[in-house]
Amino acid sequence: MKCPYCGEDDTKVIDSRPADDNSSIRRRRQCERCGKRFTTYEKLETMPFMVIKKDRTREPYNRSKVEAGIVRSCHKRPVSTQQINAMLDEIENEIFNCEDKEVETTVIGELVMDKLKKLDEVAYVRFASVYREFKDVNTFMEELGKLLKK
Ligand SMILES: [Zn+2]
């Protein structure tokens, strides 16, 4: 944030609080060079976290979409809603930390598979079969074989 008095680039935030409209932040800043103080109103970051799909198009991340896929795989399996929620929290923690603010669906899919594998193997195979879009029985059996060998 440039100083309005001398144009210096380095200004220090001495106080921030939400502005009355709640969609921006009011900041008191002090210029590092001339020492003058001024107030800025900065818009809160509203860019949603984006997901990159297989065809390279993007859409905002949607927790319930990921959740739906997991719930479907866990149908009639001994996996609780609480466990599914915890899994989603872990996944979000991992992806939201990336600086690009976007992640490929494949990354999310792999994370889900990783976690399902530890939780319930049947749910894992179900999820993997939908997610990897197994084109034929052979690839599916291959995956299943890998799993059974462990
Ligand atoms: Zn200044």
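In what order do the strands of the open sheet with mixed pairing stand? In this predicted model, the order is β5-β4-β6, and the sheet is an open one of 3 strands. The edge positions are taken by β5 and β6 (102-104), each of which pairs on one side only. On average, and with direction ignored, neighbouring strands of this sheet are turned by 30° against each other. Strand β4 (residues 50-52) is joined to β5 by 3 bridges, and the two run antiparallel. Within this pairing, V51 of the chain stands opposite E59 in β5.

The sheet belongs to a chain of 150 residues, of which 31% count as buried. The secondary structure amounts to 5 helices and 6 strands. Along the sequence, these elements follow the pattern β-β-β-β-β-α-α-β-α-α-α.

Another open sheet is formed by 3 strands in the order β1-β2-β3, and its pairing is antiparallel. Because β1 (11-18) and β3 (37-43) stand at the edges with a single partner strand each, one side of each is left without a neighbour in the sheet. From one strand to the next, the twist averages 30°. In general terms, the strands of a sheet pair through backbone hydrogen bonds, in either a parallel or an antiparallel manner.

The two pairings of this sheet can be described in turn. Between β1 and β2, the antiparallel pairing extends over 7 bridges, and T11 stands opposite C31 in β2. Strand β2 (residues 24-31) is likewise antiparallel to β3, to which 7 bridges join it. Across this second pairing, I25 faces E42 in β3 as its opposite residue, while R28 stands opposite T39 in β3. The strands β2 and β3 form a hairpin with 5 residues between them, and G35 in the turn has a positive phi of about 80°.

Residue S24 is placed in strand β2. Its relative accessibility is 8%, and S24 therefore counts as buried, the cut-off for this class being under 20%. Although S24 and E42 are 18 residues apart along the chain, their C-alpha atoms are separated by 5.3 Å.

A zinc ion is bound by protein donors from four cysteines, namely C3 (SG), C6 (SG), C31 (SG) and C34 (SG), which lie 2.2 to 2.4 Å from the ion. The 4 donor atoms subtend angles of 106 to 117° around the zinc ion, and the arrangement is therefore tetrahedral; this assignment requires all angles to lie between 85 and 135 degrees. In sequence, the spacing of the donor residues is C-x2-C-x24-C-x2-C. Since C3 lies in the segment before β1 and C31 in strand β2, the pair ties together parts that are 28 residues apart in sequence. Both C3 and C31 are buried. Residue C31 thus has a place in the description of the sheet as well as in that of the metal site: C31 stands opposite T11 in the pairing of strands and is one of the zinc donors.

The largest pocket of the model has a volume of about 620 Å³. Its lining comprises 22 residues, and those closest to the centre of the pocket are K65, V66, T105, F127 and Y131. At least two lining residues are supplied by each of β5 (58-60), α1 (63-73), α3 (105-119) and α4. Helix α1 provides the largest share of the lining, with 6 residues. Strand β5 accordingly appears in two settings, as an edge strand of the sheet with mixed pairing and as a contributor to the lining of the largest pocket.

Helix α4 spans residues 121-131 and includes V130. With a relative accessibility of 58%, V130 counts as exposed, because that class begins over 50%. V130 and G69 are 61 residues apart in sequence, yet the distance between their C-alpha atoms is 9.0 Å.

Notes:
Residues are numbered from 1 along each chain as its sequence is written. This is a predicted model: local features need pLDDT of at least 70, side-chain atom pairs count only at pLDDT 80 or more; totals for chains, interfaces and linings use all residues. Side-chain values use heavy atoms; hydrogens and water are left out. Two strands pair if DSSP finds at least two bridges between them. Helices (H or I, at least four residues) and strands (E, at least two) are DSSP runs, numbered from the N terminus. Axes are lines fitted to C-alpha atoms, for helices over the stretch in contact, and angles run from 0 to 180 degrees between N-to-C directions. Buried means under 20% relative accessible area, exposed over 50%, partly exposed in between (1.4 Å probe, protein chains only). Donors are N, O and S atoms within 2.8 Å of the metal (3.2 Å for Na, K and Ca); water is not among the atoms, so sites may look incomplete. Four donors count as tetrahedral if all angles lie between 85 and 135 degrees; four count as square planar and six as octahedral if opposite donors are over 155 degrees apart and all others between 65 and 115; anything else is irregular. On a 1 Å grid over the protein atoms alone, a cavity is a set of points where a 1.4 Å probe fits but cannot get out, and a pocket is an open set with protein on both sides within 12 Å along at least five of seven lines; lining residues have an atom within 4 Å of a point. Grid points are joined across faces, edges and corners, and a volume is the space filled by probe spheres set on the points.
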